[in-house]
Amino acid sequence: MQWYFVAALLTVLTSSQGILTTLSQSNGKYKYDYATVPFLAEVFKLAVSCVFLWRECRTSLSVRMTTDWKSVRLYPIPSIIYLVHNNVQFATLVYVDTSTYQIMGNLKIVTTGILFRLFLRRKLSNLQWMAIVLLAVGTTTSQVKGCGEASCDSLFSAPIQGYALGILSACMSALAGVYTEFLMKKNNDSLYWQNVQLYTFGVIFNMARLVFDDFRGGFENGPWWQRIFNGYSVTTWLVVLNLGSTGLLVSWLMKYADNIVKVYSTSMAMLLTMVLSVYLFTFKPTLQLFLGIIICMMSLHMYFAPPNTLVDLPLPVKATPEGLKEVAVVE
């Protein structure tokens with residue numbers, strides 16, 4: 001399977017996630033416990049990975065699975081990073097509004113490139129660095145509203161704690177992605193075996209969150225396993241399946257492509273969501289959205305196109321027969 005096909009599919013599914021989540025609401029509210037969606041998505045990913053691993057073991061005698069504890073103990077770390085990241089997100093929203101948070105979230109594009117270079121020792125060309133910065137600029141441009149609106153001023157009026165937490169959130173998001181790529185590529189283990197380890201801990205941590213919410217709420221609505229499917233509709237199940245499928249595609253990209261491809265997929269998905277929202281909801285297209293799409297497309301071409309299609313490289317000079325000199329060899 002080609003990575004660009006997987007990346008395109010990831011873009012479509014990521015874009016659909018926000019739309020499906022909005023459609024799953026009733027009168028602007030969720031009738032179901034939204035914390036159960038990530039848990040069920042992790043269960044779905046774990047089940048799919050187990051099935052594929054079972055099939056792989058039946059059809060191949062050379063399936064590599066490292067069961068050494070020194071290797072297995074590394075797999076809870078991404079879940080821990082994401083857990084901390086989610087809490088930092090909530091803390092950030094205490095100091096900044098939603099639009100400011102979305103704009104600051106684009107910092108993860110640049111921080112991913114930096115950590116990609118520092119921790120994975122992957123060298124990027126100057127053109128690729130320029131493309132990554134352009135992608136951050138493009139996504140930010142598409143989210144900035146007109147400067148006559150009050151929300152435009154809020155970007156520069158947040159307290160210093162908001163900016164610090166926003167930067168920390170971007171770094172945590174990038175760190176989780178880069179570390180996951182490190183795990184997936186550190187050996188030649190089966191992708192499905194690696195997924196089983198990742199998603200097992202994902203299920204455990206998401207279950208712990210549900211239990212914690214029950215204790216914090218004093219079990220007012222009963223234990224989480226008795227109400228896990230309350231309020232679920234067909235659209236809600238589509239949200240779960242979409243979120244789970246997105247995670248499986250991301251793990252494939254981490255194994256066979258890299259974080260930068262994932263960053264481009266998710267960034268393009270955000271723009272696609274905005275475009276689709278024009279037709280599905282009451283979202284009005286803006287000049288900033290149009291400019292943001294153009295900048296992101298330029299960035300996409302700059303990063304993935306061969307360098308000779310972007311700059312004029314000098315052609316190699318071939319020696320002509322007339323320019324050759326005869327050399328006498330004395331024996």
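These are my notebook entries on one predicted model.

**Entry 1. The whole chain**

I began with the secondary structure. I counted 13 helices and zero strands in the chain. Read from the N terminus, the order of elements is α-α-α-α-α-α-α-α-α-α-α-α-α.

I then looked up burial and surface. The chain has 331 residues, and buried ones make up 43% of them. The accessible surface is about 19,300 Å². Carbon and sulfur atoms hold 66% of that surface.

For contacts, I took the pairs with a separation of 6 or more. Residues 24 or more positions apart account for 83% of these contacts.

**Entry 2. The second largest pocket**

I noted a volume of about 280 Å³ for the second largest pocket. Its lining has 15 residues, and the closest to the centre are Phe52, Tyr192, Leu248, Leu249 and Trp252.

Which helices each supply at least two residues of this lining? I found helix H1 (3-23), helix H2 (36-59), H10 and helix H11 (234-256). H11 gives the most, with five residues.

I sorted the lining of this pocket by class as well. Eleven residues are nonpolar, four are polar and none is charged.

On how such space is found, I kept one remark: rolling a probe the size of a water molecule over the atoms shows where empty space is left.

**Entry 3. Ser190**

I went next to Ser190, which sits in the loop between helix H9 (160-185) and helix H10 (191-216). Is Ser190 buried or exposed? Its relative accessibility is 7%, so I entered Ser190 as buried, the cut-off being under 20%.

The side chain of Ser190 reaches the backbone nitrogen of Tyr192 at 3.2 Å. Tyr192 is also one of the residues closest to the centre of the second largest pocket.

I left aside neighbours within four places in sequence and listed what else Ser190 touches. The contacts are Leu53, Glu56, Val63 and Arg64.

**Entry 4. Thr180**

Thr180 is in helix H9. I put Thr180 down as buried because its relative accessible area is 11%, with buried meaning under 20%.

What lies 2.7 Å from a polar atom of the Thr180 side chain? I found the backbone oxygen of Ala176 there. Not counting residues up to four places away in sequence, Thr180 touches Pro78, Leu198 and Met254.

**Entry 5. Thr140**

I located Thr140 in helix H7. Its relative accessible area is 21%, so Thr140 is partly exposed; the limit for buried is under 20%.

I looked for partners of Thr140, leaving aside neighbours within four places in sequence, and found Ile103 and Asn106. The side chains of Thr140 and Asn106 are joined by a polar contact of 3.1 Å.

I also checked Thr140 against Gly292, which is 152 residues away along the chain. Their C-alpha atoms are separated by 7.4 Å.

**Entry 6. Leu20**

Leu20 lies in helix H1. I entered Leu20 as buried because its relative accessibility is 17%.

How many residues apart in sequence are Leu20 and Thr235? I read 215, with 6.7 Å between them in space, C-alpha to C-alpha. Thr235 is also among the contacts of Leu20 beyond four places in sequence, along with Leu238, Val239 and Asn242.

**Entry 7. Positive phi values**

I checked backbone angles last. Most residues other than glycine have a negative phi. I noted two residues with a positive value.

Phi of Arg121 is near 60°, and Arg121 is not a glycine. I found Arg121 in the loop between helix H6 (107-119) and helix H7 (126-143). Its relative accessibility is 65%, so I marked Arg121 as exposed, the cut-off being over 50%.

Phi of Phe219 is near 55°, again positive in a residue other than glycine. Where is Phe219 placed? I found Phe219 in the loop between H10 and H11. At 38% relative accessibility, I entered Phe219 as partly exposed.

How values were computed: Residues numbered from 1 in each chain as written. Predicted model: local features only at pLDDT ≥ 70, side-chain atom pairs only at ≥ 80, totals over all residues. Heavy atoms only, no water. Helix = DSSP H or I, 4+ residues; strand = E, 2+ residues; numbered from the N terminus. Buried < 20%, exposed > 50% of the residue type's maximum accessible area, 1.4 Å probe, protein only. Contact = heavy atoms within 4.5 Å. Areas by Shrake-Rupley, 256 points an atom, 1.4 Å probe, with all protein chains shown as cover. Polar contact = N/O pair within 3.5 Å; in protein donor to acceptor, adjacent residues only side chain to side chain. 1 Å grid on protein atoms, 1.4 Å probe; cavity = no way out; pocket = protein on both sides within 12 Å on 5 of 7 lines; lining within 4 Å. Points joined across faces, edges and corners; volume = space filled by probe spheres on them. Nonpolar A, V, L, I, M, F, W, Y, C, P; charged D, E, K, R; others polar.
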